[in-house]
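Q: I'd like to learn how to read a model like this one, feature by feature. Can you walk me through it?

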Amino acid sequence: MTKQDQEQGLLQRSNNDFSEASTHTDSIADADVVTASTSFLSDLNASGGETGSFSEKVEKSVEVDHVALTNEGCKVELRTTVHVPVFRSEEINKFRYKLPVVGQEQEIVEAILENDIVIPRRIAAVSMSARVAEEMNLPSEIVSYQIRYEGNASDKTRVKFMTDGVLLKEVQRDLLLSKYSVIIVDEAHERSIYSDILIGLMSRIVSLRAKRNDRLKLVIMSATLNVKEFLSDRLFKSTPRFIEVPSRMFPVSVHFSRRTDDLYLNSAYRMVVQIHRYMPDGGILVFVSGKKEVCLLIKWLRSTFPSAKAVSAKNDDENMDEQILKADSRKSHKRKRAKRTGYVTENIDLNSYDIESFLKTDNTDLNDRDALDGDCDLADEENFMNPYLNFEPEDTPLYCLPLYSMLPSHKQKQIYDPLPSGSRFCVIATNVAETSLTIPHIKYVVDTGKEKVRLYDTVTGASKFVVQWISKASANQRAGRAGRIAPGECYRLYSSAVFSDFLDFSVPEILNKPPDELVLQMKCMNIVKVHNFPFPSPPSGQSLQEAESRLCKLGLLEVCKDDSGSERMKVNRLGQTVAFFPVSPQYGKMICLANQHGLLPYVVCLVAALSVREPLVNIVDTTDSDGIQKESERLSKIRYDWAGSGQSFLLGDLAVLLNAVLQFESSYCSVESCEHLGMRFKAMKEVHQLRKQLTNIANGVFPQVNLTLEACLPPLTTQQYRLLRQLILSCQGNNLAKRYEFSPENADTKLKNSYCSGIMQEPLWIHPTSVLCKRLPTWLLYQEIIDSGRKYMLNVMAVEPEWLPQFASVYL
DNA sequence: GAGCACTGC
């Protein structure tokens, strides 16, 4: 709701409620910052049956009372009652009155008056705006949404649902958010970088707006009790108030394992078998850490309950499972070998499971209490035992489906398809099922307690994937997935003692990722001393400093003296231009420099491809199956074709990516042809959208360029390929590596073919899937280092040594 | 000589 709308009286406030004025209520009506439970929104959503973001734990809400004007009680505020005329259909009203949040409705509405709502996921923003428009009987031009690539907001819009990143970009353009009178931040407990920064920024915006007598109200909605950081007095001068909203969840009984088996996939398998054979109807959701575990568990379960195969005739992902598993088996041999050379990190070896033996010996005796709940009391045990009576397990097939983010959309959607009649539903999922997707029919949750996370070294930027224990909050969120339709059961495959050692909450994203892009954005908002910013969880001074220094070397920040004579890093003109582009600063700079020699359209495509996760499928090589071997050879050949020869080939993996995008753009590939070419359709579509967005921004920033979205770009000339490599070098000197010099003095054969870089002690290696893997150029640039035992450089490009003084002198 | 959880601008 915009200020103008408010003045036009769409929301009518009446002051006829004096008799109820009290110290309690008058502060509510005038609070500037309120933190409320997310149930308010998730209930709206749940009643619509939409997918989207839900949270359903009980929650405390916090309300910040910024009525600092009323100090010493000399000013008496009158309570104002808010009347919002809404014409809902009878059906929707029936739903509404069942929602637990209705009890607090008036309190919340009075506290906030009207809504502009920040949500962390795109689909959720779109579906919620549609749902709220329907419930309020208003057109989409009034209740609208805005996400990265699209939106339907108009000048008539009064309620806007948007993702957190969109609002952060808006703050960059309008620091006081003067269009808005209320901001609601939903799902704040997820602690995304954007919502954290937004909350920090808004703590300042709220008081600035209050000083101007143009109040902004802020509601922070959180599904967990993790509000300590949001209440810190670094953020809000007076402590925010809670509004607590009960959850609409059904009870979930949680069972801990008596002991914790390291082979958690093995335990998960046994648990599913037992639930399926002996527990009443209801879907099963299993949480594991990664794609390979998903595929392995599916394979075991389908071979145990083969009747399910007949039921789920369309399981064309069978092949994929096999592929992944074979590749994995091959790798585990490598691991054993690698162990002797000392390059191995701890990893659960999936192949150490003895599948055969427990397929044969699985008598699933109910006395095997180890696999069940060691900690539950007698009542629980009785509940657990009773349903076994008169239960005929043979009658029920198990319908197993995989679920992880990289699974193609049409396969993900299978979880919403009607269940084959008479079968039990079982989904094996990664963390996607914890927050992003809601799965229907789930009554049982099996939680391995494990998740895979990407850990960054904030100094070198190298990252690795680690399987670790989840947090208590995560475990509770997982358990909650069982109680959406009826009372549920959650089986934790770890003991309560192990659980008690879990972190209370997951580490906020901002503490893990290198903050370069963020620091640049903050500098553009005139936040010069970033270390003084009121982060809900401040990143370390060192990581902020490293980011500043990288941005300085990149030529986006400059050292300036402020009034007191002390030195500060401030953003320069180039930095400000770069910050318009919603990509990492290195890539933004590439676009800014590319407006020469006709390179801009190519650089935009390349940057789009580099900014999207996994545009090309990972080529899994397998030794023992002819058909699959040929497939990986075929895909590999396509990549070498894209890389070309001569100057193009020296652009290396970036030439592969660029030409893949150009091919996709020129013939807007179908799902099938993408698969044929080894591209991920979902990712390529995103690349296409990002190209469009970057093109629009470039046209805004450089008015003369008239950049178009031509489907067919002519192939680059030899000269242009050279220039492109120089341009990239001038933006990525930080990522240079030089080949290890093999000489009598440096004769370590283990280091042959390795590289060293300025920022890292350990040797680096070109990833075997790189087209430059055999070429081994003396100097090269990488996009990313991934640590999987060895430190591998991904997306590599060759660099001519003689270019270094001119294009990368600060890094030498 | 062989990868990778998740999400937003």
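Q: Let's take the open sheet: in which order do its six strands run, and is the pairing parallel or antiparallel?
A: To read a sheet, follow the pairing from one strand to the next. In this predicted model, the order is β12-β19-β16-β13-β15-β14, with parallel pairing. The sheet is open, and its edge strands are β12 (252–256) and β14 (398–403), each of which pairs on one side only. From one strand to the next, the twist averages 20°.

Q: How many bridges join β13 to β15?
A: Bridges are where you check a pairing in detail. Strand β13 (residues 283–287) and strand β15 (residues 424–429) run parallel and are joined by four bridges. To get your bearings, find I284: its bridge partner in β15 is C426.

Q: Now the DNA. Which residues are closest to DNA strand B?
A: Start with the list of neighbours, then look at what they touch. Here 39 residues surround DNA strand B, and R122, R148, S405, E614 and N618 are the closest. On the DNA side, sugar and phosphate make up 54% of the strand B atoms that come within 4 Å of the protein.

Q: How do the residues of that surface divide into nonpolar, polar and charged?
A: A quick tally by residue class does the job. The surface near DNA strand B has 17 charged residues, 12 nonpolar ones and 10 polar ones.

Q: Which element gives the most to the surface near DNA strand B?
A: Map the residues back onto helices and strands. Helix α7 gives the most, with four residues. Elements that each supply at least two residues are α7 (164–173), α8 (193–211), α13 (318–341), β17 (450–456), α20 (516–524) and β27 (790–794).

Q: What do the polar side-chain atoms of R122 and K513 lie close to on DNA strand B?
A: Ask whether the DNA atom belongs to the backbone or to a base. For R122, a polar side-chain atom lies 2.6 Å from a phosphate oxygen of strand B. K513 goes for a base instead: one of its polar side-chain atoms lies 3.2 Å from a base oxygen. Then there's Y792, with a side-chain N or O atom 2.9 Å from a phosphate oxygen of strand B.

Q: Where is N512, and what does its side chain reach?
A: For a loop residue, place it first and then list its partners. N512 sits in the loop between α19 (496–500) and α20. Its side chain reaches the backbone oxygen of R454 at 2.8 Å. Setting aside neighbours within four places in sequence, N512 is in contact with R454, L455, Y456 and T458.

Q: Is D186 buried or exposed?
A: Relative accessible area settles that, with under 20% as the cut-off for buried. D186 has a value of 3%, so D186 counts as buried. You'll find D186 in the loop between β9 (182–185) and α8.

Q: What is phi of L177, and what is phi of H441?
A: Most residues other than glycine have a negative phi, so a positive one deserves a look. For L177, phi is near 50°, and for H441 phi is near 65°. L177 lies in the loop between α7 and β9, while H441 is in the loop between α17 (432–435) and β16 (442–447).

Q: Are L177 and H441 buried or exposed?
A: Look at accessibility again. L177 is buried, at 1% relative accessible area. H441 has 40% relative accessibility and therefore counts as partly exposed.

Notes
Residues are numbered from 1 along each chain as its sequence is written. Chains are lettered from A and ligands numbered from 1 in the order in which they are written. This is a predicted model: local features need pLDDT of at least 70, side-chain atom pairs count only at pLDDT 80 or more; totals for chains, interfaces and linings use all residues. Side-chain values use heavy atoms; hydrogens and water are left out. A residue is near a molecule or strand if one of its heavy atoms lies within 4 Å of it. A polar contact is a pair of N or O atoms within 3.5 Å; within protein, one must be able to donate a hydrogen and the other to accept it, and residues adjacent in sequence count only if both atoms are side-chain atoms. Ala, Val, Leu, Ile, Met, Phe, Trp, Tyr, Cys and Pro count as nonpolar, Asp, Glu, Lys and Arg as charged, and the others, Gly among them, as polar. Buried means under 20% relative accessible area, exposed over 50%, partly exposed in between (1.4 Å probe, protein chains only). Contact means heavy atoms within 4.5 Å. Two strands pair if DSSP finds at least two bridges between them. Axes are lines fitted to C-alpha atoms, for helices over the stretch in contact, and angles run from 0 to 180 degrees between N-to-C directions.
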